[in-house]
Amino acid sequence: MRQLIWLRSDLRLHDNTALSAAMAAGPTLAVYLISPEQWREHDDAACKVDFWLRNLAALHTQLAALNVPLLVRQAPHWRDAPQVLGALCREQAIDCVWVNEEYGINEQARDRAVQQHLRQQGVNLRSCLDQLFFAPGSVLTQAGNYFQVYSQFRKACYRNLHTAIPPLVPTPQPQAALPVASDPLPLAVDGFATPAPALRELWPAGEDAALRRLADFAEERMAWYQERRDFPAIDGTSQLSPYLAAGVISPRQCLHAALRINQGEFDSGNPGAVCWVNELLWREFYKHILVGYPRVSRHRAFRLETEAVPWRDAPKDLEAWQQGRTGIPIVDAAMRQLLATGWMHNRLRMVVAMFFTKNLLLDWRLGERFFMQHLIDGDLAANNGGWQWSASTGTDAAPYFRIFNPISQSQKFDPDGHFIRTWVPELAGLNKRDIHDPSAMGGLFGMAEYPRPIVDLARSRERALQAFKNLPSAEMSDV
């Protein structure tokens with residue numbers, strides 16, 4: 001009987017659990033659903049949708065070499081998926097649909113609805129663990145609950161990894177040709193503008209490009225990752241997050257790359273490799289949180305008492321932050337990097353999010369949404385987890401009294417001002433001391449086109465501290 005692999009955030013040939021299982025079970029077809037209404041509802045960035053389509057085109061070529069036809073169907077909203085897939089299964093005499101698991105509440109509801117609909121017409125849906133090392137619900141506290149603190153979660157993951165490293169899945173061999181033609185692939189989707197060529201060039205599509213990027217990072221920079229990862233002017237990170245978010249590369253492939261350069265170790269040995277594996281486990285942690293505490297998928301704070309924070313309604317401050325015109329150079333440089341490239345350095349994501357939620361006292365949900373609307377690597381779990389960490393509303397969050405000073409962060413992590421000069425060229429003439437805080441020069445630095453700070457950092461810090469100190473205590477709930 002024919003099998004169908006329903007591609008989602010798993011746009012690769014190698015180490016693809018569901019694809020390998022489907023092809024082992026019988027003659028296989030692949031399908032991808034175009035869902036623009038759902039993508040808009042999820043605030044998916046136009047550059048991310050373009051990245052998906054470019055990677056889908058690259059995967060089409062790889063699937064063709066395996067004689068796997070790639071079909072494309074329109075399911076404007078995920079509520080349309082059951083009927084669309086049901087019709088396809090009838091049309092192609094499909095016996096079983098294979099998927100790699102996804103974890104947001106909407107993703108899980110979609111898959112349950114599809115499974116129920118297919119079951120009514122005698123078609124099975126089988127899901128595979130693929131995005132994670134460990135299935136949600138398999139890494140729990142001694143009391144049987146999901147972890148709320150990353151360090152404890154990491155220790156449990158280490159114990160599991162010492163028992164068995166998740167293996168890479170074998171790459172399927174070509175199957176006999178099927179009398180089914182692949183569908184034409186869309187070059188764009190209405191409502192999602194094609195990004196500028198310069199942005200596309202930063203993020204070449206395809207599994208080969210992702211694997212080259214991983215290999216280059218592992219061989220040349222991973223050993224120094226811990227020392228260099230916080231400096232945005234240095235090429236010290238892997239920049240693999242867009243490929244992980246789209247599933248063009250797997251976390252297992254990343255883990256095995258780290259093990260290769262660290263003599264098989266993940267919690268000792270080279271500090272850079274250990275630190276990078278920890279970042280993979282942070283990604284894992286936030287996806288487990290999605291399942292264990294689904295309220296975070298519903299625009300809710302993880303720490304329920306923080307929903308009483310008196311966030312300000314300040315549209316002009318919000319707009320200045322969005323445009324990179326706050327008068328705080330490191331914040332503005334980071335925001336302009338995001339707007340131009342669809343990506344922001346991780347240290348700067350923390351800096352701008354904390355400035356947003358603490359110094360501006362703006363609701364973290366507004367910042368979270370803006371990031372999703374612009375990030376090429378937008379991922380619900382990681383983005384929500386990062387924003388709630390910075391806002392002190394989330395699991396394992398920064399204590400509310402630990403507030404980054406963006407100028408101190410700038411001086412520490414961009415000491416010569418190279419990153420600021422790249423993205424805020426109107427300040428390029430300033431020396432490495434003044435460029436971090438030109439307002440301290442008394443407005444006499446001859447840069448009339450650059451704004452003065454929209455907020456006083458010291459006074460706004462005290463305002464945030466007071467807002468959090470006044471919160472009522474609340475018991476945690478699993479709602």
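The paragraphs below lead through this predicted model from the whole chain to an annotated segment, a set of packed helices and a few individual residues.

Taken as a whole, the protein chain holds 20 helices and five strands. Its radius of gyration is 23 Å, close to the 23 Å that the globule rule gives for 479 residues, so the chain is as compact as a globular protein of that length. Along the principal axes, the C-alpha atoms fill a box of roughly 75 × 50 × 45 Å. Of the 479 residues, 57% count as buried, and among contacts between residues at least 6 apart in sequence, 78% join residues at least 24 apart.

For the N-terminal part of the chain, an unreviewed UniProt entry lists residues 1–133 under "domain: Photolyase/cryptochrome alpha/beta". Over residues 1–133 the model is 47% helix and 23% strand, with the end C-alpha atoms 30 Å apart.

Within these residues, D15 deserves a closer look, since this residue is found in the loop between β1 (2–7) and α1 (17–25). Most residues other than glycine have a negative phi. D15, although not a glycine, has a positive phi of about 50°. With a relative accessible area of 2%, which is under the 20% cut-off, D15 is buried. A second residue with a positive phi is Q239, which is likewise not a glycine and has a value of about 55°. Q239 lies in the loop between α9 (225–228) and α10 (241–245), and because its relative accessible area is 26%, between the limits of 20% and 50%, Q239 is partly exposed.

Turning to a residue within a helix, Y158 lies in α6, which spans residues 150–163. Y158 counts as buried because its relative accessibility of 13% is under 20%. Leaving aside residues up to four places away in sequence, Y158 touches F266, D267, V274, N278 and L281. By contrast with these contacts, a residue of the annotated segment can be placed relative to Y158 by distance: L129 is 29 residues away in sequence, and the two C-alpha atoms are 19 Å apart in space.

The next subject is helix packing. Two packed helices are described by the angle between their axes and the distance between the axes. Helix α16 (residues 364–374) takes part in two such pairs, of which one is with helix α13 (residues 315–323): the axes of α13 and α16 come within 12 Å and cross at roughly 30°, and the crossing is right-handed. In this pair, L318, W321 and Q322 of α13 meet L366, G367, F370 and F371 of α16. The residues of this contact divide into five nonpolar, two polar and no charged.

The other pair joins α16 to helix α17 (residues 380–391), with axes that come within 10 Å and cross at roughly 145°. The crossing of α16 and α17 is also right-handed. Here W364, G367, E368, F371 and M372 of α16 meet L380, N383, N384, W387, Q388 and A391 of α17. By class, the contact of α16 with α17 has six nonpolar, four polar and one charged residues. Read together, the two contacts show that G367 and F371 of α16 meet residues of α13 and also meet residues of α17.

Notes: Residues numbered from 1 in each chain as written. Predicted model: local features only at pLDDT ≥ 70, side-chain atom pairs only at ≥ 80, totals over all residues. Heavy atoms only, no water. UniProt positions renumbered as here; feature names shortened; annotations may be inferred. Helix = DSSP H or I, 4+ residues; strand = E, 2+ residues; numbered from the N terminus. Axes fitted to C-alpha atoms, helices over the stretch in contact; angles between N-to-C directions. Left-handed = near helix turned anticlockwise from the far one by under 90°. Contact = heavy atoms within 4.5 Å. Nonpolar A, V, L, I, M, F, W, Y, C, P; charged D, E, K, R; others polar. Rg over C-alpha atoms; globule rule 2.2 N^0.38 Å. Buried < 20%, exposed > 50% of the residue type's maximum accessible area, 1.4 Å probe, protein only.
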